[in-house]
Amino acid sequence: MSYEDFAYVYDFLMKDAPYDEWLDWVKRQQNIYHHTGKRVLDLACGTGELSIRLAKNGYHVTGVDLSEDMLTVANQKAMMEGIALSLLQQNMCELEGLFNYDIVTIFCDSLNYLSTSDDVRQTFKHVYTALKPGGMFLFDVHSIYKMENIFAHHTFAENDDEVSYIWNCFEGEHPYSVEHDLSFFVLDQQTGLYERIDELHKQRTFSIEQYGHWLKEAGFTVKTITADFSVDQPSSQSERIFFTCMKESS
């Protein structure tokens, strides 16, 4: 499968993702904390949907992703939009050579793809290093409630003319983890036949208290912890948890 096909499948799966709401959330947090920085490091940027939106809104964006295929498509999209993006292939828990950013983002529950506590802690430490004093770290994660009640033991499906999928979710090997077993059926426009693509995605989350402890360990001040794009504190049934953190000025 070519990277164009892979990205097409990814973007189809993410077609209802709230990219505009993530953009608005960045702006909202900046307004709340009177933060005017425009240099953004967008970790796990995928095919560049949020990075491009940020760039269109006057931010100077560096997008980082583990997947070369994702970055290739992100670059093509940016070129089509006339947007200047700096794109790098790196693992978020092994960042190198990235410094003096005003804002670091990790959205779309991308942090949940880190399978060990050490990976999460290392990511927080590298993000802290990448930020300038006074910099802001914004990210979201799946809640424990979502892992245990929305994902585990559930099946999702969609039947579309060009791409259809079956998405089965199982409990993972770690506490508060899930395995997403996905089967896509993608129409080949030339042959009229469908190609089957199978993928396995593993995600893990931790308690809000544990994330908070690791953030403080890395040097961050946790400003707010909210839920589901709101100003409300997380409840027992919140699905997405948002953290706003600062690297305080010395």
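At what angle do the axes of helix α2 (residues 19–32) and helix α3 (residues 49–56) cross? The close-ups below, taken from a predicted model, begin with that pair.

**View 1. Helices α2 and α3 cross at roughly 50 degrees.** Their axes come within 10 Å of each other. An angle of this kind makes α2 oblique to α3, and the crossing of α2 past α3 is right-handed. Look for Y19, D20, W22 and L23 on the α2 side, where they meet E49, L50, R53 and L54 of α3. Sorted by character, the residues of this contact comprise five nonpolar and three charged, with no polar ones.

**View 2. F124 sits in helix α5 (residues 117–130).** With a relative accessibility of 0%, F124 falls under the 20% cut-off and therefore counts as buried. Beyond its neighbours within four places in sequence, F124 is in contact with L111, F137, F139, Y211, W214, L215, A218 and F220. One of these partners, F220, lies 96 residues from F124 along the chain, yet their C-alpha atoms are separated by 8.7 Å.

**View 3. Helix α6 (residues 144–151) has K146, M147 and F151 as its buried residues.** Seen down the axis of α6, these buried residues fall within an arc of 100 degrees, so they line one face of the helix. As a handy reminder, an α-helix has 3.6 residues a turn, so residues three or four places apart point the same way. The strands that the buried residues of α6 pack against are β5 (131–142), β6 (155–158), β7 (163–171), β8 (177–187), β9 (194–204) and β11 (240–246).

**View 4. H153 comes just after α6.** Here the backbone of H153 takes a positive phi of about 65 degrees.

Notes:
Residues are numbered from 1 along each chain as its sequence is written. This is a predicted model: local features need pLDDT of at least 70, side-chain atom pairs count only at pLDDT 80 or more; totals for chains, interfaces and linings use all residues. Side-chain values use heavy atoms; hydrogens and water are left out. Buried means under 20% relative accessible area, exposed over 50%, partly exposed in between (1.4 Å probe, protein chains only). Helices (H or I, at least four residues) and strands (E, at least two) are DSSP runs, numbered from the N terminus. The arc is that of the directions from the helix axis to the C-beta atoms. Contact means heavy atoms within 4.5 Å. Axes are lines fitted to C-alpha atoms, for helices over the stretch in contact, and angles run from 0 to 180 degrees between N-to-C directions. Angles under 35 degrees count as roughly parallel, over 145 as roughly antiparallel, 65 to 115 as roughly perpendicular and the rest as oblique. A crossing is left-handed if the near helix is turned anticlockwise from the far one by less than a right angle, and right-handed if clockwise. Ala, Val, Leu, Ile, Met, Phe, Trp, Tyr, Cys and Pro count as nonpolar, Asp, Glu, Lys and Arg as charged, and the others, Gly among them, as polar.
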